[in-house]
Amino acid sequence: MGTGGEADRERYSAMLKVAVEEARAGLAEGGIPIGAALFDRQGKLLGRGHNRRVQEGDPSAHGETDAFRRAGRLRSYRDKIMVTTLAPCWYCSGLIRQFRIGTVVVGESVNFRGGIDWLRENGIAVIDLRSEECIQMLASYPGATPSWTFPGLQCYF
Ligand SMILES: [Zn+2]
């Protein structure tokens, strides 16, 4: 499986739609619009979720962790694909690294670059779809800041 072809991009874009649906569901609940989904290599959806920090008052309930937990316990993660509307934070990058998820597809990394470089350095394939929809969805969220500084952590996460 390559990561640069047009067919792959279409496949990943279809997967991203699920994460976007989750982000919009979170927004409808009054939460931060960040969504994620975990797929296997064949494109089967294993788990989906969204950021629930506002809804549940839980700063550890990120889109990636929500999708990951809902997928249940899997035998292997190397062949799995984590799809998320926004580049993963350090915490979620740690989760991806810990379980050796092989591929990460991000909707965008403009609002937040997160751990993309670190994941790549650790041999994880990261595909950035540069989705304008994802950029706008988060940028228009009330209280969102365009750049990440430590206090700003609370704005997105
Ligand atoms: Zn996170």
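**Questions on a predicted fold**

Me: In which loop is the place of Arg100?
Reply: This is a predicted model. Phi of Arg100 is near 55 degrees, a positive value in a residue other than glycine. The place of Arg100 is in the loop between helix 4 (90–98) and strand 4.

Me: Does Arg100 count as buried, partly exposed or exposed, and why?
Reply: Count the C-beta neighbours inside 10 Å: Arg100 has 14. A buried residue needs 20 or more, and an exposed one has 12 or fewer. The count of 14 falls between those limits, so Arg100 is partly exposed.

Me: Does Arg130 count as buried or exposed?
Reply: Arg130 sits in the loop between strand 5 and helix 6 (132–139). Its phi is also positive, near 50 degrees, and it is not a glycine. Inside 10 Å it has 12 C-beta neighbours. The limit for exposed is 12 or fewer, so Arg130 counts as exposed.

Me: How many helices and strands does the protein chain have?
Reply: Read the pattern along the sequence: α-β-β-α-α-β-α-β-α-β-α-α. Each α is a helix and each β is a strand. The totals come to 7 helices and 5 strands.

Me: Which strands stand at the edges of the sheet?
Reply: The sheet is open, its 5 strands have the order 2-1-3-4-5, and the pairing is mixed. An edge strand has a single partner strand, so one side of it is left without a neighbour in the sheet. That description fits strand 2 (45–50) and strand 5 (125–128).

Me: By how many degrees are neighbouring strands of this sheet turned against each other on average?
Reply: The strands in question are neighbours in the order 2-1-3-4-5. Direction is ignored here. The average turn is 15 degrees.

Me: Do strand 1 and strand 2 run parallel or antiparallel?
Reply: Strand 1 and strand 2 form a hairpin, with 5 residues between them. In the turn, Gly43 has a positive phi of about 90 degrees. Phe39 stands opposite Leu45 in strand 2. The two strands are joined by 5 bridges, and they run antiparallel.

Me: In which sense do strand 3 and strand 4 pair?
Reply: Strand 3 covers residues 81–84, and strand 4 covers residues 103–106. Thr84 stands opposite Val106 in strand 4. Over 4 bridges, the pairing of strand 3 and strand 4 is parallel.

Me: What does helix 1 reach from its first C-alpha to its last?
Reply: Helix 1 spans residues 6–28, which is 23 residues. At 1.5 Å a residue, 33 Å is expected. The model comes close to that, with a reach of 33 Å.

Me: Which residues of helix 1 are buried?
Reply: Helix 1 lies across strand 1 (35–39), strand 2, strand 3, strand 4 and strand 5. It runs at about 140 degrees to strand 1. An α-helix has 3.6 residues a turn, so residues three or four places apart point the same way. The buried residues are Tyr12, Leu16, Ala19, Val20, Glu22, Ala23 and Gly26.

Me: Where does the largest share of the largest nonpolar core come from?
Reply: This core has 33 residues, and Met82, Val83 and Val104 have the most contacts inside it. Among the elements that each supply at least two residues are helix 3 (63–70), strand 3 and helix 6. The largest share is 5 residues, and it comes from helix 1.

Me: Which residues does Val83 touch, not counting residues up to four places away in sequence?
Reply: Val83 is one of the residues with the most contacts inside the largest nonpolar core. Leave out residues up to four places away in sequence. The list is then Met15, Leu16, Val18, Ala19, Ala36, Ala37, Phe39 and Val105.

Me: What distance separates the C-alpha atoms of Asn122 and Arg97?
Reply: Asn122 lies in the loop between helix 5 (116–121) and strand 5. With 12 other C-beta atoms within 10 Å, it is exposed. Asn122 and Arg97 are 25 residues apart along the chain. Their C-alpha atoms are separated by 7.7 Å.

Me: What distance separates the C-alpha atoms of Trp118 and Gly94?
Reply: The place of Trp118 is in helix 5. Trp118 counts as partly exposed, with 16 C-beta neighbours inside 10 Å. Along the chain, Trp118 and Gly94 are 24 residues apart. Their C-alpha atoms are separated by 9.7 Å.

Conventions
Residues are numbered from 1 along each chain as its sequence is written. This is a predicted model: local features need pLDDT of at least 70, side-chain atom pairs count only at pLDDT 80 or more; totals for chains, interfaces and linings use all residues. The expected span of a helix is 1.5 Å times one less than its number of residues. Two strands pair if DSSP finds at least two bridges between them. Axes are lines fitted to C-alpha atoms, for helices over the stretch in contact, and angles run from 0 to 180 degrees between N-to-C directions. Two residues are in contact if their C-beta atoms, placed from the backbone, lie within 7 Å. A nonpolar core is a set of buried Ala, Val, Leu, Ile, Met, Phe, Trp, Tyr and Cys residues joined through C-beta atoms within 7 Å.
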